[in-house]
Amino acid sequence: MTTMDRLVGAGVARIDGPAKVRGTAPYAYEQDPGEPICHVAVVQSTVNRGRISRLDPSRAEAMPGVLAVLTPANAPRLGHGLASDLPVLQSLDVHYQGQIVAVVVAETSEIARAAVGAVAVEYSAQGPDVVLSAERPDLYAPDKLMAGFETDSVIGDVDGALASAAVTVDATYSTPTQHNNPIEMHTSMARWDGDRLTMWDANQGPHTIVNDLVAAFELERDQVRVISPYVGGAFGSKAFTHPNQIVAAMAARVVGRTVVFELSRQQMFSLVGHRTPTIQRVRLGADADGRLTAISHEVVEHTSRINEFAEQTATPTRVLYAAPHRRTTHRLARLDVPPPTIMRAPGETPGMFALESAMDELAHQLGLDPVELRIRNEPARDPERDLPWSSRNLVACLRTGAERFGWAGRDLAPGVRADGRWLIGTGVAAATYPTRRRRAECRITGHGDGRWTVEIDGSDIGTGAWTALTQVAADALGVGLDAVELRIGDSALPFAGGAGGSTGMTSWGSAIVLTARDVRRELDEKHGGVLPPRGIVVKGGVPGESPHASDWSMHAFGAHFVEVRVDRDTGEVRLPRATSVYAAGTIVNARTARSQFLGGFSMGVSMALHEESVADARLGHYVNHDLAGYHIATNADIGELDVHWLEEDDPYVNELGMKGIGEIGITGAAAAVANAYWHATGLRVRDLPITPDKYFRELGAG
Amino acid sequence: MDTEITLRVDGAAHPLTVDTRTTLLDALRERLRNTSPKKGCDHGQCGACTVLLDGRRVNSCLVLAVTVDDADVTTSDGLAAGGEPHALHRAFVEHDAFQCGYCTPGQICSAAGVLAEARAGWPSGVTDPGEDGGDLTDDEIRERMSGNLCRCAAYANIVPAVAEVAAAEGVRR
């Protein structure tokens with residue numbers, strides 16, 4: 001074990017990097033299926049709720065090069081037990097705008113797209129119901145939230161404590177519908193060989209997709225193989241099966257050839273999920289010294305008519321600050337919208353915007369530094385589960401960040417610093433994300449020549465897993481990087497859950513470490529500590545959560561400090577610099593981890609300033625359904641980013657003391673920007689995104 | 001309607017029959033199976049399909065293949081002359097200027113275009129009036145690279161990667 005810990009922590013350059021920069025790493029569309037590829041294009045409903053009254057594919061079917069047009073009248077019947085948006089073409093009913101109502105298969109993409117326009121469809125439809133409000137009479141409490149969280153939590157007498165608090169904040173914040181929009185559009189290429197299906201697919205975990213294909217086509221697991229070694233971003237939208245995988249497999253089976261279905265960017269706004277909009281009322285009560293006596297966080301959000309997706313928006317409020325009286329609630333409205341899904345840090349991302357904005361408002365009421373306010377409310381134990389922290393270094397992140405950023409001596413007053421036309425302000429917010437571990441299996445093969453093959457159905461959606469898992473494996477086996485060949489992204493490999501919930505490294509990395517321990521034990525017990533010439537194969541893994549998960553509260557923490565400049569004449573917002581400091585356990589790869597942190601933070605800046613999917617209340621669709629209308633941060637929107645992390649040793653979370661880092665960066669980021677915006681302008685924008693029109697709206701209101 | 005053209009891609013000539021509706025991007029990806037340029041929107045909004053057309057950067061999804069008969073097309077893969085990585089390839093790997101890698105070949109072609117534009121002294125939207133555009137400051141790089149979206153948001157690493165090559169090429173003072 002002399003080389004133990006040699007590689008974990010090192011900033012190894014991405015092993016998939018040289019192929020990716022040249023563009024030769026094959027993403028789903030780019031795989032070679034071994035035969036010519038036909039193309040799928042789809043007809044989508046133009047109404048939100050109703051029924052197809054007429055569907056005539058004859059003109060499309062007659063076009064040269066069209067191989068098939070599938071409709072509810074002729075599509076193969078699918079098996080049962082599928083998520084509600086997956087039974088494609090199984091009924092004439094329409095549940096959301098953009099639902100697939102016909103599928104064209106053609107020799108070329110040009111012909112397929114042209115044929116879509118030749119399919120005639122008419123509907124009998126009701127008007128769309130797509131507008132969320134906190135006053136809707138049909139709001140309801142779901143049984144549970146996503147990831148198994150309780151819908152509500154109530155401790156103590158919140159209303160009584162608020163009524164008697166020396167200082168209170170009562171504010172309502174909103175976040176809009178957002179779309180994940182990875183730059184690689186969802187793509188599925190399907191090939192049948194008899195009753196065996198191979199799919200090259202863009203997803204966050206092949207095993208997840210296999211489950212639904214098995215159910216849809218009534219197959220055995222060993223009849224389906226999903227291959228996804230390279231994935232062009234995901235951010236949650238590629239975690240679960242969507243209609244594209246079902247359509248590709250169905251079309252390929254009908255025409256008896258390999259087909260590919262690559263969504264258009266526009267289709268990414270209806271077929272692969274979105275983040276629910278939220279309306280969040282936060283009430284804080286504090287004593288005159290700034291110690292919180294009550295926290296109330298009430299969330300209203302939407303789900304679709306055909307599925308229940310209950311985002312866990314107020315859950316960070318259950319862990320972040322101490323207060324004796326506390327309440328969090330979640331209420332849903334079922335609307336005529338496509339099914340929502342997870343998007344980077346579902347729950348924490350919108351929830352932390354509200355909570356951390358409210359904390360800033362409270363600091364202003366108290367005349368207290370917002371860093372100090374947070375430090376004063378640091379809980380010694382998990383305030384709702386009443387458990388000790390496995391490790392918690394939020395205060396150290398705040399203090400270190402303040403020092404790196406140059407926070408000391410900051411003027412508390414808003415709207416008083418200017419550089420010509422530019423109003424200047426600074427803001428802070430905390431970040432947090434839970435640490436979990438999931439079941440994962442691994443197979444390690446030692447070859448007689450000293451090389452090792454490590455197999456696990458993990459997934460690299462840009463996270464750096466290809467590299468970081470190789471580092472973990474090399475250290476655990478006590479060999480160099482070059483001696484390890486990692487295989488991930490293929491359902492034929494041992495089981496692993498998908499890349500989601502920041503559980504990739506904590507689960508797959510732990511599975512590799514434990515399996516490597518078994519390897520070394522077997523070598524010691526049976527082979528005198530030496531790899532035998534004929535090699536060995538060892539299977540192992542982790543069963544699920546850490547055995548300490550019910551006794552310790554496990555979370556990563558961080559703090560963001562940002563400077564913004566706001567043009568006093570146009571309301572334009574610039575972000576020249578920011579510092580983020582994290583305490584997230586063992587950092588496996590210093591280079592790729594930094595990219596995870598700064599990428600997450602930058603997506604939070606994008607959320608703060610740009611992102612909003614606008615639903616048309618009359619026509620029911622997302623008006624701005626492309627990248628010209630749905631703005632995400634560009635290069636010029638992001639300034640100098642200082643990313644730093646603290647040493648943190650956590651013996652409880654998993655074998656290497658790792659905490660997931662893919663999502664914490666986005667949490668709190670939008671609040672830090674909004675707080676800096678208030679400090680610059682004196683204007684509190686509580687409805688994201690902070691676009692220039694809101695500058696003038698708030699100026700007028702003020 | 002089909003038309004016969006010759007596409008010269010990364011130094012090799014490819015006689016090809018294309019539908020007149022076929023974009024340069026689809027001709028590369030679907031006909032030639034050259035998948036170095038990526039499709040991210042098909043509408044000129046994301047920049048993932050950026051290639052160099054006779055040395056200038058273009059969104060290949062906005063170019064019809066029939067209009068580039070006999071033009072020189074260079075993809076990021078083609079920038080690796082003789083299989084040797086381009087300086088931009090090395091810099092992007094070194095600075096971890098990408099995560100998922102899907103927008104990256106377009107980013108690199110775009111950066112190659114930026115370097116050429118700076119060598120020619122072309123100004124950008126943030127160049128001071130009267131100054132030439134031959135000095136790729138961080139702000140110049142941010143501005144000129146903003147036609148290439150990166151959803152992983154590796155922007156803060158793309159800037160130093162391009163800056164390093166710009167300095168080596170004498171277009172960053």
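Guide: Let's start with one term: two residues are in contact when their C-beta atoms, placed from the backbone, lie within 7 Å. Keep in mind, too, that you are looking at a predicted model.

Visitor: Okay, let me try that out. Which residues is B:Asp77 in contact with, leaving aside its neighbours within four places in sequence?

Guide: There are partners in both chains: A:Arg22, A:Gly23 and A:Thr24 from chain A, plus B:Asp10 and B:Ser36 from chain B. B:Asp77 itself lies in helix 2 of chain B, residues 76-79.

Visitor: Is B:Asp77 buried or exposed?

Guide: For that you count neighbours: 20 or more other C-beta atoms within 10 Å make a residue buried. B:Asp77 has 23, so it is buried. Another thing to look for is a pair set apart in sequence: B:Pro37 is 40 residues away from B:Asp77 along the chain, yet their C-alpha atoms are 8.7 Å apart in space.

Visitor: Now the two chains together. How many residues does each one give to the contact?

Guide: Chain A gives 43 and chain B gives 47. On the side of chain A, helix 1 (17-22), helix 3 (109-116) and helix 12 (590-609) each supply at least two residues. Helix 12 of chain A has the largest share, with 7 residues. Sort the side of chain A that touches chain B by class and you get 18 nonpolar, 16 polar and 9 charged residues.

Visitor: How do I read a pair of packed helices?

Guide: Two packed helices are described by the angle between their axes and the distance between the axes. Try helix 10 (residues 465-477) and helix 11 (residues 504-527) of chain A: their axes are 9 Å apart and the packing angle is about 25°. Angles under 35 degrees count as roughly parallel, so helix 10 of chain A is roughly parallel to helix 11 of chain A.

Visitor: Which residues meet there?

Guide: From helix 10 of chain A, they include A:Leu469, A:Val472 and A:Leu477, and from helix 11 of chain A, they include A:Trp508, A:Ile512 and A:Val519. By class, this contact has 13 nonpolar, 2 polar and no charged residues.

Visitor: And in chain B, what does helix 3 pack with?

Guide: One partner is helix 4 (residues 104-119) of chain B: its axis and that of helix 3 (residues 87-94) come within 10 Å and cross at roughly 125°. That angle makes helix 3 of chain B oblique to helix 4 of chain B. Helix 3 of chain B brings B:Leu88, B:His89 and B:Phe92, which meet B:Thr104, B:Ile108, B:Ala111 and B:Ala112 in helix 4 of chain B. Here the split is 5 nonpolar, 2 polar and no charged.

Another partner is helix 6 (residues 155-168) of chain B, where the axes come within 8 Å and cross at roughly 140°. Again, the angle makes helix 3 of chain B oblique to its partner, helix 6 of chain B. B:Ala87, B:Leu88, B:Ala91 and B:Phe92 in helix 3 of chain B meet B:Ala161, B:Glu164, B:Val165 and B:Ala168 in helix 6 of chain B. That contact divides into 7 nonpolar, no polar and 1 charged.

Visitor: What should I know about nonpolar cores?

Guide: In soluble globular proteins, nonpolar side chains tend to be buried together. In this model, the largest nonpolar core has 250 residues, and A:Val40, A:Val104, A:Ala248, A:Ile512 and A:Val673 have the most contacts inside it. Helix 13 (residues 669-681) of chain A supplies the largest share of this core, 10 residues. Apart from it lies another core of 24 residues, among them A:Met146, A:Met185, A:Val299 and A:Ala615.

Visitor: Any backbone oddities to look at?

Guide: Here are some. The peptide bond from A:Leu688 to A:Pro689 is cis, with omega near -5°, and A:Pro689 is in the loop between helix 13 and helix 14 (692-701) of chain A. Then look at phi: A:Ala147 is not a glycine, yet its phi is positive, about 65°. A:Ala147 sits in the loop between strand 6 (120-126) and strand 7 (153-155) of chain A, and with 16 C-beta neighbours inside 10 Å it counts as partly exposed.

Visitor: Where in chain B is B:Arg33?

Guide: B:Arg33 is in the loop between helix 1 (24-31) and strand 3 (50-53) of chain B. Its phi is also positive, near 55°. B:Arg33 has 10 C-beta neighbours inside 10 Å, so it counts as exposed.

How values were computed:
Residues are numbered from 1 along each chain as its sequence is written. Chains are lettered from A and ligands numbered from 1 in the order in which they are written. This is a predicted model: local features need pLDDT of at least 70, side-chain atom pairs count only at pLDDT 80 or more; totals for chains, interfaces and linings use all residues. Axes are lines fitted to C-alpha atoms, for helices over the stretch in contact, and angles run from 0 to 180 degrees between N-to-C directions. Helices (H or I, at least four residues) and strands (E, at least two) are DSSP runs, numbered from the N terminus. Angles under 35 degrees count as roughly parallel, over 145 as roughly antiparallel, 65 to 115 as roughly perpendicular and the rest as oblique. Ala, Val, Leu, Ile, Met, Phe, Trp, Tyr, Cys and Pro count as nonpolar, Asp, Glu, Lys and Arg as charged, and the others, Gly among them, as polar. A nonpolar core is a set of buried Ala, Val, Leu, Ile, Met, Phe, Trp, Tyr and Cys residues joined through C-beta atoms within 7 Å. A residue is buried if 20 or more other C-beta atoms lie within 10 Å of its own, exposed if 12 or fewer, and partly exposed in between; C-beta atoms are placed from the backbone.
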